[in-house]
Amino acid sequence: MEIGKLKAELLEKYIFNNLSSNREEVIVKGGTGLDNAVLDFGGDLIVASTDPITGASKNIGSLAINVSVNDVSCQCADPVGVLMTVLIPPSATIDDLKEIIDYANRTATKLNVDIVGGHTEITDAVNKILISTTVLGRVNKDIRPDIKSIKPGDVIAVSKYIGIEGTSIIAHDKSNVREVLNEEELKLALSLSDEISVLKESRIASKYGVKHMHDITEGGLYGALWETGVAIDYGLATYYDDIPVLDVTKKVSKFYGIDPMRLISSGSMLMIFDKDKFNEFKKETENEGIKVTKIGEVVKENKTVVVFNDKTLTLSEPGSDELYKIID
């Protein structure tokens, strides 16, 4: 099978179609374009999400916490606890483990979420350290995004810049990146690991009736747009020239021959707002130092497109993330 996310058709056929649903507390289950399960325990809703770290080898303790917290942020949830599984090959050292836990704990403290348990095991079933985290969060049902309220004309926006996680991983893991980035650019690329959380913009979005959020992870922006189209059952029209990409990301992408639009992009949140609410959200978010960019709108025709000056690209299900082309 191809490295990366399992294809949506296979997910539906072999996983989703073979899972039963019996509990009335379960109001949202995982699905294509949906990052979380949502459980109703008779008060606040419980939001759960799980994710592995497979593409990076440096800074993975911090990434492991951020990526799962980002997923529950898509439901405007406040992260409460993290379960963390660490599988370690015999070739690793105790110092490797200590570094992972140090970074994980530092990030969890910053996000005000507790690491409440997990599992740590040395095993020859893996050839590099593998981390999987599960986050449990809580959200008031009145502020959770209402995907059913989405309509044509709603604004599609992203926070920060596309490709920042991929750029950070490449800067940390690929020594030959110095052939294309000068010292100042490399410093910026390395610092992008501090921009992976989308919790802050999620909390602001919850005040302005955000209708849907999707953390831009494997498959990059194009993958997230396609998945969102599947989830909302409407089309999305976005405009290439409006998509925010840092110069260092453009340089790295050109050097390695990869497409930044298909590069893993945790740290950037894809969001859908009523157009009247979006401007209020944008103003507060940018007052807090977080860039927000409108890149398109929801359309009635049920297909997802990216508009260039002289052509239109219709998006299909994404393949492997561009990162896997260059990371061992």
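Trainee: What makes you say that helix α2 lies across β3, β4, β5 and β6?

Mentor: In this predicted model, contact means heavy atoms within 4.5 Å, and helix α2 (residues 60-73) lies across those four strands. Its direction is about 145° to β3. Helix α3 (residues 94-111) lies across β4, β5 and β6, running at about 170° to β4.

Trainee: Why are β1 and β5 called edge strands?

Mentor: Look at the order of the six strands in this open sheet: β1-β2-β3-β6-β4-β5, with mixed pairing. β1 (26-28) and β5 (114-122) are called edge strands because each pairs on one side only. From one strand to the next, the twist averages 20°.

Trainee: How do you know that β3 and β6 pair?

Mentor: Two strands pair if there are at least two bridges between them. Nine bridges join β3 (residues 45-53) to β6 (residues 130-139), so the two count as paired, and they run antiparallel. If you want one bridge to find in the structure, take Val 47, whose partner in β6 is Gly 137.

Trainee: What makes Tyr 208 and Phe 281 an aromatic pair, and why is it called edge-to-face?

Mentor: The structure holds five aromatic pairs, and this is one of them. Ring centres must lie within 6.5 Å, and planes over 60 degrees apart count as edge-to-face. Here the values are 6.5 Å centre to centre and 65° between the planes, so both names apply. The pair links distant parts of the chain: Tyr 208 is in the loop between α6 (199-205) and β8 (212-215), while Phe 281 is in helix α9 (residues 275-287), 73 residues apart.

Trainee: Are Tyr 208 and Phe 281 buried or exposed?

Mentor: Buried means under 20% relative accessible area. Tyr 208 has 15%, so it is buried. Phe 281 has 0%, so it counts as buried too. Both belong to one aromatic cluster with Phe 273 and Phe 278.

Trainee: Why is the pair of Phe 255 and Tyr 256 called edge-to-face?

Mentor: Try the check again: their planes are 85° apart, and the cut-off is over 60, so the pair is edge-to-face. The centres are 4.8 Å apart. Tyr 256 is buried, because its relative accessible area is 15%. Phe 255, at 33%, is partly exposed, because that value falls between the 20% and 50% limits.

Trainee: How do you know that Arg 106 lies over the face of Tyr 103?

Mentor: One test is distance: the charge must be within 6 Å of the ring centre. Arg 106 is at 4.8 Å from the ring centre of Tyr 103, and it lies over the face. Likewise, Lys 311 lies over the face of Phe 308, at 5.2 Å from the ring centre.

Trainee: What makes the phi of Asn 112 worth a look?

Mentor: Most residues other than glycine have a negative phi. Asn 112 is not a glycine, yet its phi is positive, about 60°. You will find Asn 112 in the loop between α3 and β5. Asp 233, also not a glycine, has a positive phi of about 65°, and its place is in the loop between α7 (220-232) and β9 (235-239).

Trainee: Why are Asn 112 and Asp 233 called exposed?

Mentor: Exposed means over 50% relative accessible area. Asn 112 has 58%, so it counts as exposed. Asp 233 has 54%, so it is exposed as well.

Note on methods
Residues numbered from 1 in each chain as written. Predicted model: local features only at pLDDT ≥ 70, side-chain atom pairs only at ≥ 80, totals over all residues. Heavy atoms only, no water. Phe/Tyr/Trp six-rings, centres within 6.5 Å; stacked < 30°, edge-to-face > 60°. Buried < 20%, exposed > 50% of the residue type's maximum accessible area, 1.4 Å probe, protein only. Lys NZ or Arg CZ within 6 Å of the ring centre and 35° of its normal. Axes fitted to C-alpha atoms, helices over the stretch in contact; angles between N-to-C directions.
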